[in-house]
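This report describes selected local features of a multi-chain model, together with the way its chains meet. Please read it alongside the sequence and the structure shown below.

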Amino acid sequence: MKRILSLALALLMLVGMIPMASAETAAYTQSPYLDGKELPAVADRLPIASDVMVEEMKEIGQYGGALTLLQGGSSKWGPGKPTEEALFRFNTDGTIEPNVAKGYDVNEDATVYTIYLREGMKWSDGVPFTSEDCRFFYEDLLIPGVTTKSVWEAMYSSDANGEDKTMATLEIVDDYTFKVVFKYPKPNFLKELAINGKWFFAPKHWLQDKIPGENYLSQEEADKLAAELGYSDVKSMGNSLTYYYWIVPGRPTLRAWTIQGDFEAELCTWVRNPYYWKVDAEGKQLPYIDELHFRRYSDAEQALLWTLDGTADISSVALADVETILNDATAAVELIEWSSVDWASNSIQLNQAIKDEDLRALFQNVKFRQALSIAVNREQIVELVDNGYTEAAQSAPAAGAQGYSEEWTKAYTQYDVAAAQALLEECGLVKGDDGFYYFANGKKVVLNLQYQDETHASLAELLKNDFTILGLETTTRMYDRSIMEEMRSANNHEVVINYESFSTVSLSLRPDYFVPFRDYCIWGTAFGLWYKNPANEAAVEPPADVKAMLETYDKMMAATTVEKRDEIAGELLAMFKDGLYEIGFSSALPAVYAIDANLRNFPDVAVDCDEFRNLGIANFAQLWLAAE
Amino acid sequence: MEMNNQPIIQVKNLCVDIKTDEGTLTPVRGVDFEIRPGETLGLVGESGCGKSLTSKAILAINQKKCVSSGEILFRDDKEDTVDILTLDPRGKQIRDIRGRQISMIFQEPMVAFSPMYTIGNQINECTRLHITKDKKESKRITLEMMKKVGIANAEKRYDQYPHEFSGGMLQRALIAMALVCKPRLLIADEPTTALDVTIQAQILELMKELQKELGMAILFITHDLGTVAKMCDRVAVMYLGKIVETGTAREIYKNPQHPYTRGLMGSVHKIGTLKADRLFSIEGTVPLALNLGPGCGFYDRCLDRIEGVCDKADPALTCLGGEHCVACHKCRKEGV
Amino acid sequence: MTMQEKKALRAQQRAEKQRKKEESYYLASQWTLMARKLGRHHLARVSLVILAILYLSALFADFIAPSNLTAYNSKAQSLPPTQIHLFHEGEFIGPFVYESAWETKKMSVKEMQAAKKAAQEAGIPFSTKQIVTDTTTPHKLRLFVEGPAYKWLGLIESNIHLFGTESGVGVYLYGTDTMGRDLFSRLLLGSQVSLTIPFAGTAISFVLGILLGSISGYFGGKIDNVIQRVIEVLNSLPSLPLWMALSAAIPPNIPPVQMYLMITVILSLIGWTGLARVVRGKFMSLKNEDFVVAARLAGVSDMKIILKHLVPGFMSYLIVSLTMGIPGMIIGETSMSFLGLGIQAPATSWGVLLKEAQSVTNIAQNPWCLIPLIYVVIAVLAFNFLGDGMRDAADPYK
Amino acid sequence: MEASATKAEPRRNPFSSPMARFIYKRVLTFIPIMLIMSLLIFIIIQLPPGDYLTTYIAGLKAEGQVVEEAEIAMLKEQFGLDQPWYVQYFKWIWNIITDFNFGYSFDFGRPVWPVIAEVLPMTIAVSLITMLFGYLVGIPLGIYSAVRQYSLGDYVLTFIGFLGMAMPNFLFAILLMYGTYIWTGTAFIGLYTEEILLAVNSGAMQWYHVLVHPDFWARMTIPILVMGTDGLCGTLRSMRAQMLDELGCQYVLAARAKGVSEARIIYKYCLRAALNPTVSGLSGMLSKIFNGSTISAIVLNLQIMGPRLYDALKAQDMYLAGTILLVMGFLIVLGTLLSDIVLAWLDPRIRFEGRSAD
């Protein structure tokens, strides 16, 4: 009986779906928020039926409400990442799927990518979005430097030796199709695009009378306009209108919400984009939430209070505050734990290209790094710094990531001061009468630990304590971020704590902070200068192991297939395992978000990383607030 | 006028106590005197003998920590007698007496005026408080008084500030302020100490003239015997919070009885001037009016002390005949 | 010598003593009078006692504190103040403590959130942590026990501490911080910095203020004009950017306490303006007084006049503003720590402790970390009341 | 008398030359002082290593951006940071003098002036409210404390006064914020509720509407308590001390002997004299009103000038920081001048001597 009933029910549903499918246009609904506004019918605002993006989600939601998020500092990415719409986006499992693009084709040798757009899709001002907008962005904005950004790495391909680096070209096929053509194979193009290309389009109709260029404004006109709009110069204007465009009110976007008013305001309101191009399975135009409110705070304690008193609907929580929230009976929030792609929650990197010759030789000696690693009482760090949320570990890829091995996470983690001292002596250091180690030439070894954020002060303290016990004179000092950056660029950094540490979804996709192919990775900025130009005065010639690493990197970048590239990435990873370029002390900390107890569809399993746009991977358009 | 022989003020057994952390000081220990209309009583004594406290007690303007007891009977312009000590020192009744019926000239004219306001303003305040609310009229009265005390160019002076006045001129202004309401009793607390000699004489002369004109009584407080001779009808010599000798000016001068008074006179004569800032002839210093023994207050410094008598009991004021009274064991003995 | 003679001599001596005592009353200098008056000012007296205790405990901090600044203890994180018991199992055994620790169960955020939900649905109050006290073994408190080694004043090495337990079980009078260190010890050791550096700073400002103020006021004219303009410029330089600039510009190898001292000193070099203006004003009014003119006519040198005749004339005022200036610097130190410009851990000051307390989590979960606030308030109050008392005492009219 | 007569000569007209000359002289020194000050300010801002660019790059990197060397060079040129500091300084000053152009804020990507102007109304409102609170409550309480010296009330006020000074603002602020959360369920953070902010955003409310909104005043209580008590305590203490001095003066006794009432003695004689140090305090007041507080404002999330300056200094957004500091310096110099003038108006002795008093 029961079975028959359910069968009948299923049949009924099928029948019901037939008219819906045939008359899809009539089935689309919109948020009551838009009722009464002078807009075309919802179906006319969406792309054509076959091209509408139907978002999959846990639960179909209800319209209404506003989400309050917190915004500290002047980072434009606070509202940028959650609202971002890229051509291709990451899923929570790390795979890529089309987003703004409807789909793509790629040829055999991965040199030509054909990208299809959604027909009838519109900018937030109702003007159609076409492949011309993509060409406009690439050829008229990005390449001429209107955005002040260099052309993404994703757009370059190089030959097997990594020498001939060539920029891709664009071919427009029709209004909704274009091709990206590389000279050499570019197997990871879409992922790279999703990471550092982010978006690949700009509203030509809106920008064409605002940017300088051959077919656009003359320099004088542009200068005049910049002054009129209150920009210091044309470059800043270009940067603002074409790069950080989402905080420019009135600028058409493809995002689910558009900014209203001043980004710097205490409360910045974003309202729904009536032309948003996604619907749910029931044909409701997304997003469910009508408004986003970004509230500005100046001190982390305010953010915590706002989380407790329910002002914030989604907020990031420091682990130290987790218990405060859980022990607060009145706080109507739920804590969600996302994983991280950090190699360690606490780590140090030694500047192996440090100016001081003695220290440089010492830092380059892997035995010294091993000595430091085993001289640290990791259990103490786990308890006192990470409140027991982590485990004692070496800096290593997280479980599940490429290169992960149990052995690696445990390498050089055994706390053993005597063994460490033996290693120091192997490095040629001599213990003085005062219990501290000296170089053979009689100079005292001094480790200057440098860090940027107050939250690392306790780690610095513990490390100083451990290294002093080891017999190395140690100082610690906190610096403002800009001063850290200045020290890094001037190669004045020494032993750096938790600063630009190893963290990536995939070494092959984002090796910037690992391999010193430019002055980025903190453990060898001056090696990066050498790699770029050995003649550079500030450059330091790397030792053999680093040279080998750079060669492997070149090989990896020139790999023609994903498999090949991953294979070489594996070789690189092995080098990192042996080299202890970053000394890690504890496993990665999870990211904790406190969300409104009534918020639905917020993923409870996800990876929190920049590549995945952090909070953005929650696909904000499909979040909704249940009635209490 | 016949009633004018009634004393305008009678001070009876006035004591002033000061509470300090160490105990209670009694700088004024039972003072009696009276002043009749038109009369000038000189209150003479060294610094710290309680003259000023006595005078301020009459106006009830001593500091809060000073507690007065006894009686101060003042006969006001309605011929009613009020005991000033029973009045609320912040109340309306006493404020009506202050300035209008009893007024005071202070020792240092330089600090008796607020530097913030013009002289005219400060004198006029008195006029407006007690005589008339009418601005023009009160200014007229004020200017008249300023002229009367000898301030030349009064109209201009009216709008000037204290620091633009010289000391003598300020004292004149102060007198004008005290007299503008034509008080029945004027208390002059060492009005000439801060001035140089020539100006002193002018000021004293002025006061005498004005007293004649206005018919007021004056309580003249000084340590300067020369001035007393010039100004006073009667004299009361005060030592350690008590009046030790009183009489007409002539009697006191011709026939000082109390060893202290004699010392004072001696010092005047020895120096050969009429000034007695320091009593060089009397050895020792005035003891603190704290935990005094039972004997005579002057015992320690007295050249004529009688052992066994003077240190046993404090002598009472005894009349020698006429108005001349003295508080001394020895004098009494001799007198009896 | 006969008995009588002796007696007479003794009586004579007594009389002499009495006389001297009396004399001392009359001949007392301004200072003794001030001290005497100060002694009668109740609040000032109490303040003086409190400050004496604070400074003495700062002096002997290493000895009094049962622990040191690096006694990290992963088993004693954020423990509330240890209770001192007297009775063990109903029996009086003298002061002792029990060992306490947080219940150790390792849970992820997800698990804790689930546990909270379950508890809420069941209507049970929920807490992530539970304290476990071992009441079976009492640990008796002892005086002069051995503990972490220290070097008192950098001179005398010792490991004897005023109190503690023989078993080494922690006695946390004020609880522990998030790194498991004894807050009481940190507070005492922090007072060594917080109570002394303000002195240095104020003293420098003082010397400069008096010197330049007196020169300005005494000589007047062009010198005065120049100094006044310099004051005007310095006055209009706010200290915040200077702090930020200096703390960024000081090379990294300088330890934090020294760095803080350096910045204090540098700021004191420009912080003298207020006092200089006051001193100048005083000089202007004093320099034409008779005794100064007389001294000048007698050929006394200017410097001598300034130092011997003029400065003592308002020394009491200066002492008062010195007393009043220190609390401002104590508070200033805490502000600088708040901005991350002050002393940095493991070196400790009251500002560092207050900065650590300045978090919702600490206020809500570990309220004992506010105890340093009480010390700061008390110290500042004591300095102010002392200054107030000194002002009253120095006032010649009262 | 003769001496005084000659001395009295030039004072015939209260507003004759000495005062005018005094003001004239002070105004003349204004310009060199401002120049020296601006130079010092610029040097101080330039003192920390690095420049805005390092902040900018650090910010980009914190956001996961990759910054190419070419881009850095381009930005350096764009910001004009490739020139030596003195060239930057002279350009800045020259533009201010000739064009009244204070430069651009790198961080906000806008000219400095609007960046300052947008927080100015609230800064002034908050500063004035907290300051007025300090004066309006501090002066009467100070007078009370002095008139009733050593009474219980005096002790209580003295204690509260010192307590207000002794309480570090940043801790006091967070305790109050947490307290509001515990007591009302809503933490009072910043000055506005969400409703007010939304109404302001939608244009339904102007900032002057905000000032009369009850919720605004409810939230204002915390800044008043935190920042206002500071001023209050200072005022209370100095008022008490000055009043005590004045009450001990002979002219008070003289006035009393005239029959003037106590209330009149206090407000006519003592108050005016006792206001002197308060008025001297005016010299820093203009600058304070312009800047507001920094630390309290950061803790309380007040979007006013103080935190903006602090952020600018941290980011080495030098023209913004420089301009704010320059304006503050200007206001201090101006404030000193004004307070000297007001002092002269208050105190005839100063007025006639024509020099500043302390």
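C:S214 counts as buried because its relative accessibility is 2%, where buried means under 20% relative accessible area, exposed over 50% and partly exposed in between, computed with a 1.4 Å probe on protein chains only. The residue belongs to helix 7 (residues 197–219) of chain C; helices (H or I, at least four residues) and strands (E, at least two) are DSSP runs numbered from the N terminus. The side chain of C:S214 reaches the backbone oxygen of C:I210 at 2.5 Å, and a polar atom of that side chain lies 2.8 Å from the backbone oxygen of C:L211. Leaving aside residues up to four places away in sequence, C:S214 touches C:G209, C:F219, C:V279, C:F283 and C:I306, a contact being heavy atoms within 4.5 Å.

The model is predicted: local features need pLDDT of at least 70 and side-chain atom pairs count only at pLDDT 80 or more, whereas totals for chains, interfaces and linings use all residues. Residues are numbered from 1 along each chain as its sequence is written, chains are lettered from A and ligands numbered from 1 in the order in which they are written, and side-chain values use heavy atoms, with hydrogens and water left out.

Chain C as a whole has 17 helices and four strands. Of its 398 residues, 47% are buried. Among contacts in chain C between residues at least 6 apart in sequence, 70% join residues at least 24 apart.

Which chains share the most contacts? Of the five pairs of chains in contact, this is the pair of chains A and D. Chains A and B, by contrast, do not touch, and their nearest C-alpha atoms are 48 Å apart.

Chain D offers an example of helix packing. In helix 14 (residues 282–291) and helix 17 (residues 318–346) of chain D, the axes come within 6 Å and cross at roughly 150 degrees; axes are lines fitted to C-alpha atoms, for helices over the stretch in contact, and angles run from 0 to 180 degrees between N-to-C directions. Helix 14 of chain D is therefore roughly antiparallel to helix 17 of chain D, a term for angles over 145 degrees. The residues that make the contact include D:L282, D:L286 and D:F290 of helix 14 of chain D and D:I324, D:M328 and D:L331 of helix 17 of chain D.

Chain B contains three loop residues whose places and accessibilities are set out here.

| Residue | Loop of chain B | Relative accessibility |
|---|---|---|
| B:N153 | between helix 5 (135–148) and helix 6 (154–158) | 51%, exposed |
| B:L240 | between strand 9 (234–239) and strand 10 (242–248) | 3%, buried |
| B:L85 | between strand 5 (81–83) and helix 2 (92–97) | 23%, partly exposed |

B:N153 has a positive phi of about 60 degrees although it is not a glycine. For B:L240, also a residue other than glycine, phi is positive and near 50 degrees. The C-alpha atoms of B:L85 and B:E71 are separated by 6.4 Å, with the two residues 14 apart along the chain. Among the residues that B:L85 touches are B:L14, B:A57 and B:I72.

Chain A has a cis peptide bond, from A:L286 to A:P287, with omega near -5 degrees. A:P287 lies in the loop between strand 13 (278–279) and strand 14 (291–297) of chain A.

Definitions and conventions: Polar contact = N/O pair within 3.5 Å; in protein donor to acceptor, adjacent residues only side chain to side chain. Parallel < 35°, antiparallel > 145°, perpendicular 65-115°, else oblique.
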